[in-house]
Amino acid sequence: MESTLAELEKSSLEEIAKASTIEELEAIRVRVAGRKGGALAEISKGMGKLVPEERARIGKLLNQAKDSVERAIEAKKKLIDNEALAKRLDSEWLDLTLPASGVKPGSLHPLTQIRYELEDLFRSMGFAVLDGPEVEDEYHNFDALNIPSDHPARDMQDTFWLDGGFLLRTHTSPVQVRGMEHYPPPLRMIAPGRVFRNESVDASHEHTFYQLEGMMIDRDVSVGHLIYFMQTLLAAVFRREVKVRLRPGFFPFVEPGFELDIGCLICNGAGCAVCKHSGWVELLPCGLVNPNVLRMSRIDPDKWSGFAFGLGLTRLVMMRYAINDIRLLQSGDLRFLNQF
Ligand code: PHE
C-alpha cells in the first residue's frame with residue numbers, strides 16, 4: 001500500500017509538471033484527489049483491513065500525498081496564470097504618456113484659402129460678397145454687359161451653350177449685373193466663383209477655373225480709386241508692396257478698359273522666363289464701368305460712376321505658390337493638396 005501510494009504521488013507530480021493548461025491540472029486533481037473515485041480515495045478504502053497502528057501511519061501518508069499533489073497543482077496553476085498575464089501585458093501594453101496619433105484634419109484647398117482671405121479683405125473695406133448662378137442666361141452673361149449677340153466680343157469667349165439660351169457662365173461679370181439690379185448705388189461688391197470656357201486643357205488652360213469679380217459704384221469714382229483698391233488687394237495677396245501698371249485693354253463693359261500688370265515677383269522686374277523677360281506679368285483686367293452697362297441696369301451714369309475688375313483667382317494661386325500646372329488644382333491629388 002505504501003509503495004502504491006509513493007508511486008501514485010511520484011507519477012502525479014510528474015504529470016503536473018508537464019501540464020500546460022488549467023484544464024489539464026483540474027483533470028489531474030479530480031483523477032488523483034477527487035473525493036469520489038479519486039485514486040487516493042480508492043486507496044484509502046483498503047485501510048479498513050489494517051491494524052490500527054498501520055492505519056494511522058498510512059492515513060498520515062495518504063494525507064501527506066494528497067497535500068503534496070494539491071499544493072503542486074495550486075503552484076502550477078499560479079505559474080500558468082502568471083505566464084498568461086505576462087503574455088497579455090507584453091502584447092496589450094499601452095503607453096498613456098504617448099501623444100495621441102489622432103485623426104488627420106483636412107485642409108482648405110489653396111483656392112478656397114485665397115478666396116477667404118480676399119473676402120475678408122474686401123469685407124473690411126465695405127464690400128458685400130455676392131453669389132450668382134453658374135448656369136446663366138444670355139442676357140446676364142452677355143447682353144447686359146454691353147456684348148450684343150452680333151458683337152465680336154462674344155467670340156472672345158468659347159462658351160458652353162445649354163438648351164433654351166442658357167449657358168455656363170464664362171466669367172463672374174454677370175454677378176455685377178445681378179448686384180446692380182438688386183442693390184441701389186452706392187454699391188461695393190465682390191463675386192468670387194467658378195467659371196467655364198470651352199477650351200482645350202493644357203498646363204495653363206482649364207475648362208473650369210475661378211475668378212473674383214469686383215465692382216464699386218459711387219459718385220465720382222475714378223481710375224485713381226481703381227488703382228488704390230487693386231494695389232491694396234495685391235499687397236494683401238502677396239504680402240508685400242507690388243508695382244502695378246495699367247495698359248489699355250478692351251472689354252465691352254468697361255470704358256476705359258485696362259490690363260493691370262504687376263512687376264514680376266519672381267525676378268523683381270529684372271526679367272525672367274515667367275514674365276517673358278519683360279519684368280511685368282499680366283494679372284487683372286479692369287476698367288471704369290461703361291455708361292451703357294449702368295444704364296441697362298437702371299443706374300444713371302450722369303450721377304454715378306464705377307470701376308470693375310475681374311481677378312483670375314486661379315492664376316493668382318498659381319503665382320503665389322509657384323504652381324506650374326493648372327490641372328493640379330482640380331486633380332484631387334492628395335500629394336499636391338497635402339502641401340497646403
Ligand atoms: N469678365 C472679364 C473676363 O472674364 C474680366 C473683366 C472683369 C474685365 C471686369 C474688366 C472688368 O474676361
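This note goes through confidence, the ligand site, the empty spaces and the backbone of a predicted model.

1. Confidence. The protein has a mean pLDDT of 90, and 99% of its residues reach 70 or more. Among the elements of the protein, the lowest mean pLDDT, 84, belongs to helix 3 (residues 39-45), while the highest, 97, belongs to strand 1 (residues 128-129). As a general caution, predicted coordinates should not be read in detail where pLDDT is low.

2. Surroundings of the ligand. The ligand is surrounded by 14 residues, of which His171, Ser173, Arg197, Gln211 and Gly310 are the closest. Sorted by class, this shell holds seven nonpolar, five polar and two charged residues. At least two shell residues come from each of strand 5, strand 8 (280-289) and strand 9 (305-312), and strand 9 gives the most, with three residues.

3. Polar contacts of the ligand. Which atoms of the ligand lie opposite the polar side-chain atoms of His171 and Ser173? For His171, a polar side-chain atom is placed 2.9 Å from a nitrogen atom of the ligand, and for Ser173 a polar side-chain atom is likewise found 2.8 Å from a nitrogen atom of the ligand. Arg197 faces an oxygen atom of the ligand instead, with an N or O atom of the Arg197 side chain at 3.0 Å from that oxygen. Taken alone, the ligand would expose 320 Å², and the protein buries 94% of that area.

4. The cavity. Rolling a probe the size of a water molecule over the atoms shows where empty space is left. Searching the whole structure in this manner gives one cavity of 30 Å³ or more, and the largest cavity holds about 40 Å³ of space. Its lining is made up of Leu111, Glu206, Thr208, Phe209, Tyr210, Thr314, Ile326, Leu329 and Gln330, which divide into five nonpolar, three polar and one charged. Strand 5 (residues 208-218) provides the largest share of this lining, three residues. Strand 5 is also one of the strands that supply at least two residues of the shell around the ligand, so a reader tracing strand 5 will meet both the lining of the largest cavity and the ligand shell.5. The second largest pocket. This pocket contains about 190 Å³ of space. Its lining includes Lys104, Pro105, Gly106, Ser107, Leu108, His109 and Pro110, together with Leu334, Leu337, Asn338 and Phe340. By class, the lining of the second largest pocket divides into six nonpolar, four polar and one charged.

6. Cis peptide bonds. Most residues other than glycine have a negative phi, and most peptide bonds are trans. Which residues are joined by a cis peptide bond with omega of about 0°? Pro185 and Pro186 are joined in this way, and Pro186 sits in the loop between helix 7 (173-182) and strand 4 (187-196). A cis peptide bond also joins Glu255 and Pro256, with omega at about -5°; Pro256 belongs to strand 7 (residues 254-263).

7. Positive phi. Arg239, a residue other than glycine, has a positive phi, near 55°. Arg239 is located in the loop between helix 8 (223-238) and strand 6 (244-248).

Methods:
Residues are numbered from 1 along each chain as its sequence is written. This is a predicted model: local features need pLDDT of at least 70, side-chain atom pairs count only at pLDDT 80 or more; totals for chains, interfaces and linings use all residues. Side-chain values use heavy atoms; hydrogens and water are left out. On a 1 Å grid over the protein atoms alone, a cavity is a set of points where a 1.4 Å probe fits but cannot get out, and a pocket is an open set with protein on both sides within 12 Å along at least five of seven lines; lining residues have an atom within 4 Å of a point. Grid points are joined across faces, edges and corners, and a volume is the space filled by probe spheres set on the points. Helices (H or I, at least four residues) and strands (E, at least two) are DSSP runs, numbered from the N terminus. Ala, Val, Leu, Ile, Met, Phe, Trp, Tyr, Cys and Pro count as nonpolar, Asp, Glu, Lys and Arg as charged, and the others, Gly among them, as polar. A residue is near a molecule or strand if one of its heavy atoms lies within 4 Å of it. A polar contact is a pair of N or O atoms within 3.5 Å; within protein, one must be able to donate a hydrogen and the other to accept it, and residues adjacent in sequence count only if both atoms are side-chain atoms. Accessible areas come from the Shrake-Rupley method with a 1.4 Å probe; for residues, only the protein chains shown count as cover. pLDDT is the predictor's confidence in each residue, from 0 to 100.
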